[in-house]
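Dear colleague,

I am handing over the structure we spoke about, with the sequence alongside. Please look through both before reading my notes underneath.

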Amino acid sequence: MNFIPLHRHLQDCSAPDPARILAAARAVADRAGERADALDRAGGFPAEDVAHAYEAGLLAAPLPVSLGGAGLDAPERAPVLADVLARVGRGSLALGRLYEGHVNALLLILRYADPAVAERLAGDVRAGHLFGVWNTQPQTGGLSLEDVPGVEDLQGPEGSEGLEAPQGAGAGWRLRGVKSFASGAGSVTRPLVTARRPDGRQQMLVANLVAGTRADLSGWQAHGMRASTSGILDFTGLPADPGGFVGGPDAYFAEPHFSGGAWRFAAVQLGGIEAVFDALRTHLRATGRGGDPHQAARLGEAAIAVETARLFVARAAVLASDPAAEPERVIAYVNLTRLAVERAGLDVLERAQRSVGLAGFLSPHPLERLARDLATYLRQPGPDRALTAAAAHILAEARPADLLWRDPPGMLAPEARSAGV
């Protein structure tokens, strides 16, 4: 490596500076990009890339410094986290998807878990376990908690609203059912999942898995993002330790964090858009066709789309991480960000494929895999609902257009003013 790993740097000072964190992300992304084509052909999990991210300190980076991380959980470091996510996504969208899930899981744990639980799970992060968030499940069935005979009530940590600890030797709770579209299935060893409680509400918990077990990847015959290995994971019979419960019932869906956190996957998508844009620019330079006015116009339009996506992601990261921001405003803006990034991605894809032509659909041209991965990852749930919900907020909002998403300068928090937002 040509940089000092973050965990070694933490021995010398309170927190790594942003440049050091981004250098680590760049090194991980560059190496992942070199392996991405081979993994796509084989449909293999990017185990070496995850190991590299661990060695570089990126797996622990979202943790606070007090727990051995780089403090990327702090609101003022949201712009740095956005750049890290985009950089990893630029190298490999599959790795970016996995890393964003890892980050999401850690932020949920830090927000909702009992401090003792968070500290224990932080130890698992430092030991190299890959986390993820698996909420999707089949329309029928899904994942549920069931009691073992001898248990009177279900209880988790403090704040779990009436859950009671298992009593008696051997008593406890276990999981039954599956999660679908579980990215990293068979390789993520500490997934944060939602499981249906006996009262019908959803309980977040972190399960302990052994790599290479319980995963069914036979149905993952994907157009793109093949290396994300998003399959089915069967939890049936696995113990559910209340010491691994995260927050109270339905905490996972609490707003504005449930919808507002979507800016993070948009940041990864931004990295994929930038990779497609760079492939287009490299192609035009290599072929000497960049001087053609039609090619130049498409490149210019693609550049506008890339920068639009970047500006939306940067603003969404700051707004969604501001504890004083109005929840409805956060949700509406992040919903717009999702759609703006999707539109930017589709625009860049169209212009790149039109400019490169048939060669861009043939391996080994770099655009072929990059385009498949980006087109697949841009497919996120409920885009129409996100857009109309944001429009409803805008319609009801009394602020004029120039203040829809920004307060007058005197009302901005000091960190927002310093960021130039």
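What follows is a description of the fold, two of the sheet regions, one helix contact and a group of aromatic rings.

Please keep in mind throughout that this is a predicted model. The protein chain contains 13 helices and nine strands, and of its 421 residues 52% are buried. Among the contacts in the chain with a separation of 6 or more, 74% are accounted for by residues 24 or more positions apart.

I begin with the smaller details of the strands. Strands β4, β8 and β7 form an open sheet of three strands, in the order β4-β8-β7, with antiparallel pairing. The edges of this sheet are β4, covering 178-182, and β7, covering 215-216, each of which pairs on one side only. Between β7 and strand β8, which spans residues 231-234, the antiparallel pairing rests on two bridges, and D216 has I232 of β8 as its bridge partner. On the other edge, strand β4 holds S180, a residue that counts as buried because its relative accessibility is 11%, below the cut-off of 20%. Leaving aside residues up to four places away in sequence, S180 touches T136, Q137, P138, G231 and I232, and I232 is also the residue that partners D216.

A second region is built around strand β5, residues 190-196, which is mostly covered, with six of its seven residues buried. Strand β1, residues 131-134, runs parallel to β5 and is joined to it by four bridges, with W134 standing opposite V193. Strand β5 also pairs with strand β6, residues 202-206, this time in the antiparallel sense and over five bridges, and here T194 stands opposite M204. The hairpin of β5 and β6 has five residues between the strands, and within this hairpin G200 takes a positive phi near 95°.

Turning to the helices, I looked at how α2 and α11 meet. The axes of helix α2, residues 18-42, and helix α11, residues 366-377, come within 11 Å and cross at roughly 70°. Since angles from 65 to 115 degrees count as roughly perpendicular, the two helices α2 and α11 are therefore roughly perpendicular to each other. On the α2 side the contact is made by A36, D37 and D40, and on the α11 side by R369, R372 and D373. Sorted by class, this contact of α2 with α11 has five charged residues, one nonpolar residue and no polar ones.

Finally, there are the aromatic rings. A search of the whole structure finds six aromatic pairs. In one of these, the ring centres of Y252 and F253 are 5.1 Å apart and the planes stand at 90°, so the pair is edge-to-face. Y252 also forms an edge-to-face pair with F258, at 5.4 Å centre to centre and with 65° between the planes. Through these ring pairs Y252, F253 and F258 are linked into a cluster. How buried or exposed is each member of this cluster? Y252 is buried, with a relative accessible area of 12%, whereas F253, with a relative accessible area of 32%, is partly exposed, and F258 likewise counts as partly exposed at 37% relative accessibility.

With best wishes

Key:
Residues numbered from 1 in each chain as written. Predicted model: local features only at pLDDT ≥ 70, side-chain atom pairs only at ≥ 80, totals over all residues. Heavy atoms only, no water. Pairing = 2+ DSSP bridges. Axes fitted to C-alpha atoms, helices over the stretch in contact; angles between N-to-C directions. Parallel < 35°, antiparallel > 145°, perpendicular 65-115°, else oblique. Contact = heavy atoms within 4.5 Å. Nonpolar A, V, L, I, M, F, W, Y, C, P; charged D, E, K, R; others polar. Phe/Tyr/Trp six-rings, centres within 6.5 Å; stacked < 30°, edge-to-face > 60°. Buried < 20%, exposed > 50% of the residue type's maximum accessible area, 1.4 Å probe, protein only.
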